[in-house]
Every structure is written in structure tokens, then in C-alpha cells.
Amino acid sequence: MSDVTELIHQYLRHNKKFPHVFCPGCGHGIVLGSLIRSVHELALSKDEVVLVAGIGCSGRIAVYVDFNTVHTTHGRALTFATGIKMANPDLKVIALMGDGDAFSIGGNHLIHAARRNIGVTALVLNNSIYGMTGGQSSATTPKGAVSQTAPFGHLEKSFDLVKLASAAGANGVSRGTVFHVNMLDRLIAEAVSRPGFNLVEIMSPCFTQYGRKNKFKSAVDMFKWLKTETSPLESWEQLPPEEKAKRLPIGTFLAGQEPGLEVLYGNLRDDLAAKEQPR
Amino acid sequence: MARLDALTGNECAAQAARLCRVDTVVGYPITPQSSVVESIAAMVANGKMSSKFITPESEHSVMSILKGAGMMGERVFTATSGQGLAYMYEPYFSMSTARIPMVMALATREMISPVTVWSGMQDAHSVRDAGWIHLYAADNQEILDSIIQGYLIAEHPDVIIPVHVCYDGFYLSHQTAEVVVPDQEAVDAFLPPCALTQMLDVNDPAMVDSNTPGDLMMEYREDHLASMRRALDVVAEVDAAFAAGFGRSHAGLLETYRVDDAEEIVVTIGAMSGTAKDAVDAARAKGRSVGLIRVRCLRPFPAKALGALLAGRKAVGVVDRSVSFGWSAGIVYQETLAALGLAGIAVPTLSAIGGLGGADIREEHLARVLDLIHDCALAGRSRQDAVWMNHELLSAQRR
Ligand SMILES: Cc1ncc(C[n+]2csc(CCOP(=O)(O)OP(=O)(O)O)c2C)c(N)n1
Ligand code: SF4
Ligand SMILES: [Mg+2]
């Protein structure tokens with residue numbers, strides 16, 4: 001345990017920026033740990049990694065971690081990340097966003113980043129709610145769930161982030177949870193290593209703004225839900241249809257190897273430059 | 001009977017929307033405004049308010065939905081802050097130029113970068129030329145009353161322009177104060193039911209916002225400006241009518257405090273004005289001849305009235321919670337200079353900037369500003385560069 005803490009401290013601005021803002025039981029801190037372990041595992045130097053965060057409780061991670069980090073505007077992390085990646089394709093650019101960030105106010109950027117296949121890793125911390133602003137419905141709030149803006153239950157349907165990103169053309173798509181931490185470390189490391197646009201949806205409970213209002217007794221209860229109501233994709237696929245509908249599959253859904261837009265663009269520039277060489 | 005209550009500024013905005021019987025509220029959360037739309041959500045949920053309540057995915061959608069509902073002739077409302085206002089700028093501009101007379105509450109917030117959620121007026125001041133009427137409240141009661149007044153101003157046949165009611169984020173939005181909440185009958189008697197023309201009507205089909213050639217565009221703008229000019233009278237008249245009906249006034253366009261015999265004037269806006277009055281009292285007690293003018297209406301700008309009030313003074317200072325990039329000065333200061341110029345008044349002036357990003361404006365800051373205004377009067381010269389109130393106070397204390 002002390003090894004883990006030591007490792008994590010290597011990558012944190014813990015002397016300057018702590019205590020952090022996360023509530024007890026918040027999943028976001030676990031994602032922070034997982035992100036650090038994945039980067040360490042890949043033997044990336046701090047300077048090779050750029051963490052571009054949106055605004056929300058999730059976005060606070062950019063404040064704590066000692067990479068090159070940018071705290072952008074709500075919903076726009078992927079656009080800043082696109083600019084950074086195109087400017088220097090050698091960097092590992094990770095865009096870290098909340099569900100509201102990535103799929104509500106910033107949904108447009110997400111589908112286009114996926115379609116363009118820009119070489120950015122999108123980590124979406126999905127707690128089914130706008131955590132930071134006090135628990136209003138987001139685009140992933142399940143139908144029927146109670147929120148600050150839906151006291152009688154949310155009337156709208158929610159996005160399935162995996163299906164949406166896949167349909168929009170992402171190279172890599174996976175879903176993990178903060179309960180399955182080893183798997184999460186692996187999913188993040190794979191997503192960062194793979195070319196093109198990669199999205200990892202991370203189920204990260206918010207007891208404060210979501211769980212309390214939706215029949216969870218405690219944050220622990222929410223983690224138990226992640227344990228009992230999810231199935232690894234391989235076993236989920238064997239389930240009968242009515243069971244499939246009830247359980248959330250986790251794992252890797254897509255693992256394409258198409259080169260990212262920045263590579264295609266670089267190649268085109270090289271080709272054109274070669275043609276223009278004086279004979 | 002009106003009832004006395006203890007409400008935050010945001011709750012005042014929500015109560016006002018209820019009392020104005022708005023048809024549709026569209027909301028998107030952002031600090032420090034969120035509790036306006038949350039209070040409305042709660043009132044709609046428990047049957048105290050019969051408005052429709054819509055929660056789309058962004059502020060851009062908020063204002064666009066409001067424009068749709070407004071074109072259908074509805075009375076509509078929302079609230080936002082800082083980045084939310086910035087993100088809705090495109091439909092914000094077209095709401096006013098399409099002449100849809102809604103009211104919006106703004107709990108003011110500093111603009112990024114760097115990231116901040118705290119107070120400041122840069123958000124509101126940066127959109128002062130987007131065609132809306134801008135009222136600035138100085139306390140919670142004024143927030144509630146200005147929104148009620150706002151619909152009467154906006155929907156006035158001589159005006160038909162949306163009204164933005166701005167108030168200091170956190171200082172007013174989150175502070176609880178004693179407020180008189182008028183009863184529904186009194187508000188109904190003051191503000192008639194919404195009778196806006198429906199722009200989109202199947203029986204009289206029309207196209208809204210077609211591509212418009214320059215000559216016609218000029219006509220639209222000229223008309224908008226003429227309505228803005230008439231709004232100056234309407235804002236004052238509506239406040240007077242409100243005073244007659246409810247027994248309290250918010251000073252129409254400009255509030256004055258101890259100005260009659262004052263040689264030196266400090267111009268303020270928003271919640272700092274209360275603290276500034278204390279500073280004025282303290283300076284008066286020391287024998288200084290100083291008074292205060294609070295700008296309540298920033299758009300249309302009451303240049304003539306302000307010029308008249310500033311004639312014959314020995315020095316004028318303006319305190320801003322915003323900056324005008326490119327001028328070493330605040331934004332209300334620029335407006336004040338323009339008013340002085342129009343009135344042909346040559347008087348020493350200074351621009352003081354404070355309270356950005358939630359920095360406090362305390363009485364000692366304002367006392368220091370009054371001292372500096374006095375220095376300008378003695379020297380008979382304007383200060384070229386802005387006074388940064390935080391630095392100025394520190395260096396004065398060191399001396
Ligand atoms: C343009 C704009 N509108 C609104 C906000 C206010 N805001 C800050 S965080 C947030 C929601 C955060 O929710 P999510 O992205 O799901 O992150 P979480 O806090 O749940 O991790 C909102 C609406 C903002 N910062 N900018
Ligand atoms: S409000 Fe929710 S998302 Fe935000 S820190 Fe607390 S538990 Fe985490
Ligand atoms: Mg969220």
C-alpha cells in the first residue's frame with residue numbers, strides 16, 4: 001500500500017494542491033489513481049503526457065496531477081486536445097471529462113472527434129449527473145432517475161456512451177468501473193497506447209448528488225452495484241437477451257488500429273513537400 | 001398581504017419569476033446562478049408555479065429555446081452567469097435584435113482565463129452592446145422588484161426589448177437578506193398578463209430573420225436605438241409607478257446619495273454601493289464634501305442625466321468590477337467619461353478597479369478611493385492609469 005502511495009505521490013501536486021475537493025466515496029479519486037498507474041506502467045515521462053480537462057468535479061483531476069495539464073471550459077476539452085495533438089503529434093494527449101462535459105454540453109465535439117479519429121484518449125467519468133453544480137440531470141441520467149431538475153423522475157432517455165462513440169467512428173471504445181480497478185488500469189493503458197481516437201467510459205459513483213436521491217443507501221452500496229450489476233463483455237455476450245438488458249457489459253468493445261488524423265495529415269504534408277522538391 | 005421573508009438573491013429572482021407568471025423557464029446550471037433555476041424547478045414540482053420548465057444540454061440551447069417560445073408569444077425567463085452567458089452569446093444577441101422582450105437574471109461572475117467561479121462584472125459588462133436593457137441591482141429586494149419591473153419595461157409598446165437584471169454573484173446571489181415578497185394580486189395589478197404578438201402564426205404566416213440587406217438592416221438598428229432611447233423614460237416611469245403601487249423605489253436610472261452639496265463624487269454599480277455609502281458617511285464625518293451616484297441602468301445609458309448630476313463638481317471617481325482591455329480603466333468609467341464629454345464638462349477623473357474574481361471591496365478600499373478622488377480635486381488633474389484597489393490599499397497602509 002505504501003508503495004502505491006509513493007508511486008501516486010510522484011505524479012501528484014499533493015504538496016501544493018491538496019486537500020482535494022472530492023466527497024468521501026466519490027469515484028473520481030480512484031480514476032486519478034488508475035490514470036497515474038497506467039501512465040507509469042507505460043513508462044511515459046510526465047512531460048510526454050498532456051492532460052486536458054473539462055469543468056466539473058472530474059475536471060479537478062487536472063489540478064492535482066503533475067503532467068502538463070490544462071483546465072479548459074465546460075464541454076470543450078476535446079477541441080483544445082485536438083489543437084494540442086495536431087501541433088505536436090508526439091505527445092500523449094488525454095482528455096478527461098465528466099458525463100455532462102463530454103455528452104451533454106460538449107456532445108457535438110465528442111462525435112466529431114470520434115469521426116475524425118484524432119489521436120486523443122477520452123476518459124469520461126460517468127456518474128450520471130452534473131456533480132459539481134449540484135445534481136442536475138445530464139445526458140446520461142437514466143430515465144426515471146430523480147435529480148435536482150427531475151424531482152418526479154427524469155423523462156428523457158440517456159445516451160449509451162459505448163454505442164454512441166462506436167457509431168460515431170471511434171477507433172477504440174471501452175467501459176470500466178472504479179470497482180474493477182485492475183481492469184480500469186489496463187483499459188486506460190490500452191486506450192493511451194492505441195492509435196486514433198479512443199474512448200474509455202468509466203462508471204464513477206457520485207453518492208452526494210446522485211446515489212442519495214436514487215435509493216442507494218451509501219457510497220459503498222453504489223460500489224456494490226458496480227460489482228453485482230456488471231459483467232465482463234465476454235460473459236455478457238453469452239447471456240440470454242432478457243439478462244443482457246439488465247446487466248451492464250464492461251471491457252473492450254472496439255480496438256481498431258487505424259492511424260489517427262494527425263498521422264494522415266502529417267503523411268499528406270510530407271508527400272506534398274516531396275512533390276514540391278525542385279528537380 | 002405582502003410577506004416579509006429572508007431570501008437569498010437567487011431566491012428573490014425565482015420568486016419574481018413566479019410572481020410574473022412566466023409561461024416558460026429554461027435552465028442550465030452554472031455557479032453562482034444555479035439555485036435560481038433550482039428554486040424554480042422546486043416550485044414547479046410542488047405546484048406553486050405553473051410554468052413549463054425545460055432543461056436542455058447547454059446555455060446556447062437555453063436561449064435558442066427561449067427564442068422559439070418567445071416567437072410564439074410566451075413570457076419567458078432564465079438565469080445564467082459568466083461562461084454560461086458567453087456560451088449563449090449568439091442567440092443572446094439575436095433575442096434582442098429580434099425584439100423578443102424577455103427578462104433574464106444574471107448572477108455576475110468573472111470571465112476566464114484563468115479559471116474562476118467567483119464574482120466580478122466582466123460577464124455582464126462585456127455584453128453591454130448586445131441590444132439588451134441592463135439593470136443592476138444593489139440588494140436582494142431590488143433583484144426581486146427589478147425583475148417584476150423588467151417585464152413591464154420589456155413588454156412596453158414603446159420598448160419591446162429584453163431586460164437583463166444583473167446582480168453581484170455570491171455577494172447578493174448567495175447572501176440572505178430581509179425581503180418583502182409582494183402578493184400575487186398586487187403584482188397582477190401592476191403587470192398585466194403577457195399580450196405579446198405571436199410572431200409565428202399559422203393564420204398569418206411570416207418568416208422571421210430572413211437574410212436582410214444593409215439598407216433594411218440600418219433601419220432595424222435605427223429603430224432599436226430609438227426604442228432604447230425611449231426606454232430611458234420607461235425605466236424611470238416604471239420605477240415611479242412601482243413606487244406608487246408598492247411603496248418603494250429603486251431610483252429609476254441613477255441613485256444619488258448625499259450629492260446635493262458634494263464637491264467630489266464617486267460613481268458605483270451593484271452591491272458595492274452599500275459599502276460605498278458607509279465610506280461616504282465616514283468621509284463626510286471627517287469634513288469631506290463627497291457624494292455617491294449609483295448606476296442602476298447601464299443600457300440604455302442615462303448619459304444626459306449623469307452629465308447633469310456631474311456638472312460643477314471638483315472631481316469624479318468611478319469604481320468598476322470589470323476592466324476595459326485596451327484602456328487602462330474600468331468599463332463604467334468609460335461610460336462616465338462619455339457622459340462628461342457629451343455634457344462638455346471638464347473635471348478631474350479617476351478609474352478605480354476592484355473586486356475582480358471575487359476579491360472583496362471593503363470599506364477601507366473605498367475610503368482609499370475617496371482619498372484619491374480628493375487628491376485629484378486638489379491637483380486639478382485626472383489620474384491617467386487605473387487605481388488597482390488591492391495594491392493601492394496595501395501601499396497606502398505601508399506608507
Ligand atoms: C458554459 C458553462 N455552463 C455551465 C457551467 C457550469 N458547470 C460547471 S461543472 C458543470 C457540470 C459538471 O458535470 P459533469 O461534466 O458530469 O462533471 P462531474 O462534476 O459530474 O464530474 C456545469 C454545468 C460552466 N462551467 N460552463
Ligand atoms: S459531488 Fe459527486 S462527483 Fe462531485 S466530488 Fe462529490 S461525489 Fe464526487
Ligand atoms: Mg457527471
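Trainee: OK, so a residue is near a molecule if its C-beta atom, placed from the backbone, lies within 6 Å of it. Which residues are around ligand 2, then?

Mentor: Keep in mind that this is a predicted model. The shell is made of Phe22(A), Cys23(A), Cys26(A), His28(A), Cys57(A), Asn127(A), Gly131(A), Met132(A), Cys206(A), Phe207(A), Thr208(A) and Gln209(A).

Trainee: Which helix gives the largest share of that shell?

Mentor: Helix 10 of chain A, residues 207-211, with three residues.

Trainee: And how do the residues around ligand 2 divide into nonpolar, polar and charged?

Mentor: Seven are nonpolar and five are polar, with no charged residue in the shell.

Trainee: What about ligand 1, where does that lie?

Mentor: Ligand 1 sits between chains A and B. Two elements give two or more residues to its shell: helix 6 (99-105) of chain A and helix 4 (82-87) of chain B.

Trainee: How many residues are around ligand 1, and which come nearest?

Mentor: There are 23, and the nearest are Gly56(A), His74(A), Gly98(A), Gly100(A) and Gly131(A). By class, the shell around ligand 1 has eleven polar, nine nonpolar and three charged residues.

Trainee: Now the two chains. How many residues does each one put into the contact?

Mentor: Chain A puts in 16 residues and chain B puts in 13. On the side of chain B that touches chain A, helix 2 of chain B gives the most, with four residues. That side of chain B has six nonpolar, five polar and two charged residues.

Trainee: Helix 2 of chain B again. At what angle does it pack with helix 1 of chain B?

Mentor: About 45 degrees, and the axes of the two helices are 8 Å apart. Angles under 35 degrees count as roughly parallel and 65 to 115 as roughly perpendicular, so helix 1 and helix 2 of chain B are oblique to each other.

Trainee: Is that crossing left-handed or right-handed?

Mentor: Helix 1 and helix 2 of chain B cross in the right-handed sense.

Trainee: Which residues meet there?

Mentor: From helix 1 of chain B, Asn10(B), Glu11(B), Ala13(B), Ala14(B), Ala17(B) and Arg18(B); from helix 2 of chain B, Ser35(B), Val36(B), Ser39(B), Ile40(B) and Met43(B). By class, this helix contact has six nonpolar, three polar and two charged residues.

Trainee: Changing topic: backbone oddities. Which peptide bond is cis with omega near 0 degrees?

Mentor: The one from Thr31(B) to Pro32(B). Pro32(B) is in the loop between strand 2 (24-26) and helix 2 (34-45) of chain B. The bond from Ile112(B) to Ser113(B) is cis too, with omega near 15 degrees. Ser113(B) belongs to the loop between strand 5 (103-108) and helix 6 (122-126) of chain B.

Trainee: Why point those out?

Mentor: Because most peptide bonds are trans, and most residues other than glycine have a negative phi.

Trainee: OK, phi then. What is the phi of Asn117(A)?

Mentor: Positive, about 60 degrees, although Asn117(A) is not a glycine. Asn117(A) is in the loop between helix 7 (107-116) and strand 4 (120-126) of chain A. Arg99(B) also has a positive phi of about 60 degrees and is not a glycine. Arg99(B) is in the loop between helix 5 (89-97) and strand 5 of chain B.

Trainee: Is Asn117(A) buried or exposed?

Mentor: Buried: 24 other C-beta atoms lie within 10 Å of Asn117(A), and the cut-off for buried is 20 or more.

Trainee: And how many surround Arg99(B)?

Mentor: Arg99(B) has 18 other C-beta atoms within 10 Å, so Arg99(B) counts as partly exposed.

Methods
Residues are numbered from 1 along each chain as its sequence is written. Chains are lettered from A and ligands numbered from 1 in the order in which they are written. This is a predicted model: local features need pLDDT of at least 70, side-chain atom pairs count only at pLDDT 80 or more; totals for chains, interfaces and linings use all residues. A residue is buried if 20 or more other C-beta atoms lie within 10 Å of its own, exposed if 12 or fewer, and partly exposed in between; C-beta atoms are placed from the backbone. Ala, Val, Leu, Ile, Met, Phe, Trp, Tyr, Cys and Pro count as nonpolar, Asp, Glu, Lys and Arg as charged, and the others, Gly among them, as polar. Two residues are in contact if their C-beta atoms, placed from the backbone, lie within 7 Å. Axes are lines fitted to C-alpha atoms, for helices over the stretch in contact, and angles run from 0 to 180 degrees between N-to-C directions. Angles under 35 degrees count as roughly parallel, over 145 as roughly antiparallel, 65 to 115 as roughly perpendicular and the rest as oblique. A crossing is left-handed if the near helix is turned anticlockwise from the far one by less than a right angle, and right-handed if clockwise.
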